[in-house]
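Subject: Handover of a structure, with notes

Dear colleague,

I am passing on the structure below, together with the notes I made while going through it. Please read the remarks on confidence before the rest.

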Amino acid sequence: MPIPKPVLPKDRQPSLRTQTHVALGERLAAVLMLMVGAALAAFATGALPAAAQSYEPHTGQPAVVKQVASDLYFFYDYDGSNSVFLVTDAGVLVIDTREHPRAGQNLIERIRKVTDKPIKWVINSHFHGDHTYGNAAFQAAGATFLAQQETARLMKLVQPKEMARRQDYFKEHNYDPNEVKLILPDVTFDDQMSIYLGGREIRLMYFGPGQQPGDTFVLFPHDRALFTPGAFTSHSMPNMAFTTSVDNWIKLLDKVAAREDYDVILPAHGDVAHREDVRELQSMLADEYATVKGAVAKGTTLEQAQQTLTFPQYKDWRNYTRLKSEIKNLYELIQNGKRSYFE
Ligand SMILES: [Zn+2]
């Protein structure tokens with residue numbers, strides 16, 4: 001089993017740490033069975049935060065696989081979550097596994113239509129269940145799991161809450177929640193790590209918290225393609241329940257938009273995008289954050305803010321209907337630095 005070499009980026013301060021932690025031997029210990037009891041308890045005690053609010057009604061648009069380069073494929077599910085897979089002579093690397101082992105299995109079947117090479121690596125781009133709950137299918141296929149260390153920590157910490165807020169999805173698809181297993185990464189990294197597979201470099205990068213701590217960007221330099229995690233969705237109002245620093249989030253979007261090593265963006269949600277879309281989200285976030293911060297500074301109550309801050313300029317954005325709960329989530333962060341989802 002090849003162990004990835006941590007690679008220090010040339011443009012980084014030498015004081016910045018890059019660290020990998022390999023825990024292959026602990027894989028069995030790391031596989032925790034879902035505790036339905038705990039999930040139901042969270043449900044019953046009303047521990048579900050505003051983050052649990054459901055997404056917009058589904059469009060019924062079927063999921064498709066788009067080939068974006070000779071060896072790179074984008075699984076695009078507008079109503080759900082996306083995945084990416086790279087096919088090389090030495091095997092396959094996958095980013096994100098969808099929201100249930102059966103959905104993960106469906107993704108494997110789509111990969112099998114392209115290649116019969118073994119699935120070697122799975123990257124989980126952030127801790128949300130819609131990007132990690134298909135892991136069991138990929139574990140059965142023999143993959144090794146990778147994630148940023150904050151993602152590993154949060155996957156474990158909020159497992160009951162993640163399960164609780166995904167019950168509607170399971171019901172809607174007739175999936176048994178008991179089949180979901182928490183499968184934690186075998187390998188974690190801190191700032192940056194490169195994997196080499198079939199002569200290709202796959203570069204994992206962490207720029208600090210975006211939509212949440214752990215948000216991992218993945219660059220395929222040879223294809224000039226960049227996978228983006230929860231921190232970026234084109235023309236969509238983000239969920240504000242998980243970020244620990246909107247300032248850092250805005251900064252990292254600026255950094256991503258300024259990079260010159262990609263032409264195409266493959267996001268965790270939404271269709272193929274481009275750097276202009278990153279700029280657009282960055283200015284929306286900056287505007288939303290400054291406006292809500294201004295309201296807090298003036299002593300506006302949460303209820304008043306929810307009534308008066310209607311941001312009509314974003315009416316046509318996806319998830320605009322969640323605005324009231326996003327204002328509440330921002331109030332929580334701005335007023336007391338709290339992230340109740342992680343408590
Ligand atoms: Zn998601």
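In this predicted model, confidence across the chain is lowest in helix α2 (residues 36–44), where the mean pLDDT is 41, and highest in strand β6 (residues 91–95), where the mean is 99. The pLDDT lies below 50 over residues 1–50, although this stretch has 73 contacts in the model beyond near neighbours in sequence. For the chain, the mean pLDDT is 88, with 83% of the residues at 70 or more.

As for the overall make-up, the chain contains 12 helices and 15 strands, and 44% of its 343 residues count as buried. Among contacts with a separation of 6 or more, 69% are between residues that lie 24 or more positions apart.

The sheet that I looked at is an open one of 5 strands, in the order β11-β12-β13-β14-β15, with mixed pairing. Its edge strands are β11 and β15 (264–267), each of which pairs on one side only. Direction ignored, neighbouring strands of this sheet are turned by 20° against each other on average.

At one edge, strand β11 (residues 192–197) runs antiparallel to strand β12 (residues 200–206), and 6 bridges join the two. Within that pairing, Y196 of the hairpin stands opposite E201 in β12. The hairpin of β11 and β12 has 2 residues between the strands, and G198 takes a positive phi there, near 55°. At the other edge, strand β14 (residues 225–228) pairs with β15 in the parallel sense over 4 bridges, and L226 has I265 in β15 as its bridge partner.

Two helices deserve a separate paragraph each. In helix α6 (residues 149–157), the buried residues are E150, T151, A152, L154 and M155. The cover over these buried residues includes the helices α4 (129–132) and α7 (159–164), and also the strands β8 (144–148), β9 (181–183), β10 (187–189) and β13 (216–220); of these, β13 is also a member of the open sheet described above.

Helix α12 (residues 323–336) has 14 residues and reaches 20 Å from its first C-alpha to its last, which is close to the 20 Å expected at 1.5 Å a residue. Its buried residues are E326, I327, N329, L330, Y331 and L333. An α-helix has 3.6 residues a turn, so residues three or four places apart point the same way. The cover over the buried residues of α12 includes α10 (275–297) and α11 (302–308). After α12 comes G337, which has a positive phi, near 60°.

One residue shows the meeting of α11 and α12 in detail: which residues does Q306 touch, not counting those up to four places away in sequence? Q306 belongs to helix α11, and on that count it touches K324 and I327, of which I327 is one of the buried residues of α12. Q306 and K324 are 18 residues apart in sequence, yet their C-alpha atoms are 5.4 Å apart in space. Q306 itself counts as partly exposed because it has 18 C-beta neighbours inside 10 Å, whereas a buried residue needs 20 or more.

With best regards

How values were computed. Residues numbered from 1 in each chain as written. Predicted model: local features only at pLDDT ≥ 70, side-chain atom pairs only at ≥ 80, totals over all residues. Buried ≥ 20, exposed ≤ 12 C-beta atoms within 10 Å, placed from the backbone. Contact = placed C-beta atoms within 7 Å. Pairing = 2+ DSSP bridges. Axes fitted to C-alpha atoms, helices over the stretch in contact; angles between N-to-C directions. pLDDT = per-residue confidence, 0-100. Expected span 1.5 Å × (residues − 1).
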